[in-house]
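The following explanation concerns the internal spaces and the cysteines of one protein model. Please consult the sequence and the three-dimensional structure while reading.

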Amino acid sequence: MKVCGIIAEYNPFHSGHAYQIAQARRQSGCDYVITVMSGDFVQRGAPALMDKYARARMALFEGADLVLMLPVYGSTASAEGFAQAGVAALLSTGVVDAISFGCEDPAICSEPCLRLAQELALECPEFQSALSMQLATGIPYAQARVKAVRSCYGADFDLSLFDTPNNLLAFEYMRALAHFRANPELCPVKRLGSYHATDHPGSDGKRLVGELSPASFANDSGDKSPAGTVFTSASACRTSLLSDPVKELPALKNARQIPTEVCRLLADYAHSYEFLQEDDLSQILHYALLAQKDPGYEAFLDCGCDLSSRIGNHLDSFASFSQFCDLIKNKSVTRARISRVLTHVLLQLPSEMPVPLAASDGTLPYLRVLGFRQSAAPLLHEIKQHANAPLITRIPEAERMLSAETMLYFRQDLFAGEVYRNALLHKCGHCYPDDYRRRIEIV
């Protein structure tokens, strides 16, 4: 049995994701695809458009065999923390032979970049000194690291590869693998479309993919799709769906940017509930910030002293989640980091935990199943036999399977789920059952 793993958010699931799953299966020659997916809150520091079970169901319909949940402590972390948690989840299954990820240029997996990933995983003193010098100038961490890499290794690497977001995240996966001393097969999938696109293709003469299903790309040869094929971004999909789902869903379907079955699931969800965005959490966030104003916010994940002071000093001007992010960002603190920190305050995620989420050997405290295909029964059997972490399919199981220390992470997931449900309830007046009563998705 060969298994390929993918780390994703599917916020929402679109045709590019279906393409990646198909390419991961083709490149690796695997029998099964496991997806480790963010839960109700995502890495940019915001609620997911739809709840975790709904998004897992879409992935299962479009080619994933098993969907595991990335704990919220990892799903809302920086790129480094997100990558480490996702990679650790895949390694914890004990069955993953290959890992697939999207990138702007598959050259990010070249031998020089792999060597650089290993160098940075070792945290050599020369690089740490260069990084500290760059951070002292007040620039954001991501920029500081690129400059530190340039000063230490610039002669040996094509640093233009690190100018794009998917390449950067791909490199973080590689660095996490080096950190955990793991060496699975890497299956990079070239991104077909703009990461920051705000509209979907189809009106400008570009070639669109045909009707989509899990087998749509099965006959693709090589890493390239037919010339001119483009996919929209998740950001563009969110923008469209939040503006007018009744109007935009048919447009996305007609442009072949969302698979037909996913369109049906999106329409059903929009009819039953509503899509969430960060400003739907404004009131509860404001309360959380007010409650913590006196002691400050340094105790929360990713929030240092300067940012804590900045949040407190501007709190009287709070109007909404998005407005407050825009208000307190500056040259040294990106909006994405601010959004993540505010989400950490909202979800009460501390900077210090009794044990790390990802252990030094690359294992997580638990693997939580969100859904699986009935045909994946042999895969589940193998994971139960070889996993380095408990496989949890029912919430009550966690109490008896996890230690008191690791149960803290699991309770964070449950709390995040309740915050999400509460926001949805206030927005549309009704909601789905809580995690204790919700059944995992089986298709």
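The paragraphs below treat an enclosed cavity, then an open pocket, and finally the cysteines. The model is a predicted one.

The enclosed space comes first. The search yields one cavity of 30 Å³ or more. The elements that each contribute two or more residues to the lining of this largest cavity are H5 and helix H7, the latter spanning 141–153. The volume of the largest cavity is about 60 Å³. Its lining consists of Leu116, Leu120, Arg145, Val146, Val149, Leu159, Phe162 and Phe171. H7 provides the largest share of this lining, with three residues. In terms of residue class, the lining of the largest cavity comprises seven nonpolar residues, no polar residues and one charged residue. Because Arg counts as charged, whereas Val, Leu and Phe count as nonpolar, the charged member of that lining is Arg145.

The discussion now turns to an open space. The second largest pocket holds about 310 Å³ of space. Fifteen residues, given as 15 in the count, line the second largest pocket, and those closest to its centre are Gln118, Met174, Leu177, Ala178 and Ala182. Two helices, H5 (111–121) and H8 (165–179), each supply at least two residues of this lining. H5 gives the most to the lining of the second largest pocket, namely five residues. The lining of the second largest pocket divides by class into ten nonpolar, three polar and two charged residues. Helix H5 is thus named in the linings of both spaces: it gives two or more residues to the largest cavity and five residues to the second largest pocket.

The cysteines remain to be considered. A disulfide is a covalent bond between the sulfur atoms of two cysteines. How many disulfides does a search of the whole structure find? The search finds zero. Cys30 takes part in no disulfide, and the nearest cysteine sulfur, belonging to Cys4, lies 5.1 Å away. Because a disulfide requires two cysteine sulfur atoms within 2.5 Å, the separation of 5.1 Å between the sulfurs of Cys30 and Cys4 does not qualify. Cys30 is buried, with a relative accessible area of 8%.

Why does Cys305 form no bond with the closest cysteine sulfur? The closest cysteine sulfur, in Cys303, is 8.9 Å from the sulfur of Cys305, which is too far for a bond. Cys305 is partly exposed, with a relative accessible area of 43%, whereas Cys30 is buried.

Methods: Residues numbered from 1 in each chain as written. Predicted model: local features only at pLDDT ≥ 70, side-chain atom pairs only at ≥ 80, totals over all residues. Heavy atoms only, no water. 1 Å grid on protein atoms, 1.4 Å probe; cavity = no way out; pocket = protein on both sides within 12 Å on 5 of 7 lines; lining within 4 Å. Points joined across faces, edges and corners; volume = space filled by probe spheres on them. Helix = DSSP H or I, 4+ residues; strand = E, 2+ residues; numbered from the N terminus. Buried < 20%, exposed > 50% of the residue type's maximum accessible area, 1.4 Å probe, protein only.
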